[in-house]
Amino acid sequence: MTFHFADLFGYGGLVLQGIGLTILLTLIAIAGGLTLGVLGALGRRSPHAPVRIMVGAYVELIRNTPFIVQLFFVFFGLPRLGLRLGSVEAALLAMIVNLGGYATEIVRAGLDGVGRGLWEAGASLGLSRWRTFRLVILIPALEKVYPSLTGQFVIIMLGSSVVSQIAVRDLTFAGSFIQSRTFLSFETYLLVGAIYLVLAIVLRRLSDRVGRRLFRHRQVPA
């Protein structure tokens with residue numbers, strides 16, 4: 001059996017473009033999804049029942065429906081309500097909303113693991129409840145669940161491969177285009193899979209490094 005990886009070299013620019021867009025979508029989705037997750041976690045702990053119910057319904061909807069269905073709803077369904085988005089914008093919105101649903105529960109678990117002593121410490125310093133949360137509670141809560149969050153970041157990056165279904169020119173789109181032109185399915189998707197593997201490893205390593213810097217002031221010297 002003969003392989004023809006050399007025939008893929010002429011598509012290097014397209015592959016790099018796909019890698020770049022995949023990375024960009026992932027980074028923006030992480031920032032937006034984590035922010036949404038923090039707000040959602042606060043909503044889950046709200047003293048107001050309607051807020052808790054609404055956030056809980058959002059989490060259940062996201063966690064119990066396929067991401068590709070959520071993506072199609074944003075891209076094909078929302079225009080019926082008058083909201084028309086380009087393919088990249090729709091992909092970003094779907095990724096942020098999806099990650100936000102999972103991050104909500106992860107961050108909530110971190111908040112539940114923070115003792116009341118920190119809240120009392122903030123109050124004793126004369127801080128408002130919001131400032132106590134932002135300055136005293138949030139970082140310890142994120143530290144407790146950071147491995148779960150980084151795992152979810154990798155999952156959303158890998159899940160972004162389906163955005164090619166709405167013509168977003170990501171890495172998977174590039175692979176499908178190359179395969180359709182060369183008919184080298186084995187070589188093309190082996191390359192695409194290897195690139196996703198490298199991206200996942202790099203993202204996890206970078207996330208670990210960010211975590212060490214973010215939480216280093218809390219580490220106790222040996």
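Good morning. I shall begin with Phe215, whose place is in helix α8, the helix that covers residues 185-215. Please keep in mind throughout that this is a predicted model. With a relative accessible area of 5%, Phe215 is buried. Which residues does Phe215 touch, once those up to four places away in sequence are set aside? They are Ile139, Leu142, Glu143 and Tyr146. The backbone tells a related story: Phe215 and Pro140 stand 75 residues apart along the chain, and their C-alpha atoms are separated by 8.2 Å.

Let me turn to a second residue, Thr26, which is found in helix α1. Is Thr26 buried or exposed? Its relative accessibility is 3%, and the cut-off for a buried residue is under 20%, so Thr26 counts as buried. Leaving out residues up to four places away in sequence, Thr26 touches Met95, Phe153, Met157 and Leu203.

I now come to the salt bridges. How many does a search of the whole structure find? The search finds 5. I shall describe three of these pairs.

In one pair, Glu105 bonds with Arg44 in a salt bridge, and the closest N and O atoms are 3.0 Å apart. This pair links distant parts of the chain, since Glu105 belongs to helix α4 (residues 87-112) and Arg44 to helix α1, with their positions 61 residues apart. The two partners may also be described by their accessibility. Glu105 is buried, at a relative accessible area of 16%, whereas Arg44 is partly exposed, at 24%.

Another salt bridge brings together the side chains of Asp112 and Arg45, at 2.5 Å from N to O. Here, too, distant parts of the chain are linked: Asp112 is in helix α4, Arg45 is in the loop between α1 and α2 (49-63), and the two are 67 residues apart. Asp112 has a relative accessibility of 45% and counts as partly exposed. Arg45, at 36%, also counts as partly exposed.

A further pair returns us to Glu105, which forms a salt bridge with Arg63, the closest N and O atoms being 3.8 Å apart. Arg63 lies in helix α2 and Glu105 in helix α4, so this salt bridge ties together parts that are 42 residues apart in sequence. Arg63 counts as partly exposed, with a relative accessibility of 39%.

Which residues are joined into one network by salt bridges that share partners? The members are Arg44, Arg45, Arg63, Glu105, Arg108 and Asp112.

Finally, let us consider the surface. Met1, Phe3, Phe5, Phe186 and Leu190 make a nonpolar surface patch of about 570 Å². One of these residues, Phe5, lies in the segment before α1, the helix of residues 12-44. Phe5 has a relative accessibility of 35% and therefore counts as partly exposed.

To summarise, I have presented two buried residues, Thr26 in helix α1 and Phe215 in helix α8. I have also described a network of salt bridges that includes Glu105 and Asp112, and a nonpolar surface patch to which Phe5 contributes. Thank you for your attention.

Key: Residues are numbered from 1 along each chain as its sequence is written. This is a predicted model: local features need pLDDT of at least 70, side-chain atom pairs count only at pLDDT 80 or more; totals for chains, interfaces and linings use all residues. Side-chain values use heavy atoms; hydrogens and water are left out. Patches are made of residues with over 30% relative accessible area and no salt bridge: like charges are joined within 9 Å, nonpolar side chains (Val, Leu, Ile, Met, Phe, Trp, Tyr) within 5 Å. Accessible areas come from the Shrake-Rupley method with a 1.4 Å probe; for residues, only the protein chains shown count as cover. A salt bridge is a side-chain nitrogen of Lys or Arg within 4 Å of a carboxyl oxygen of Asp or Glu. Helices (H or I, at least four residues) and strands (E, at least two) are DSSP runs, numbered from the N terminus. Buried means under 20% relative accessible area, exposed over 50%, partly exposed in between (1.4 Å probe, protein chains only). Contact means heavy atoms within 4.5 Å.
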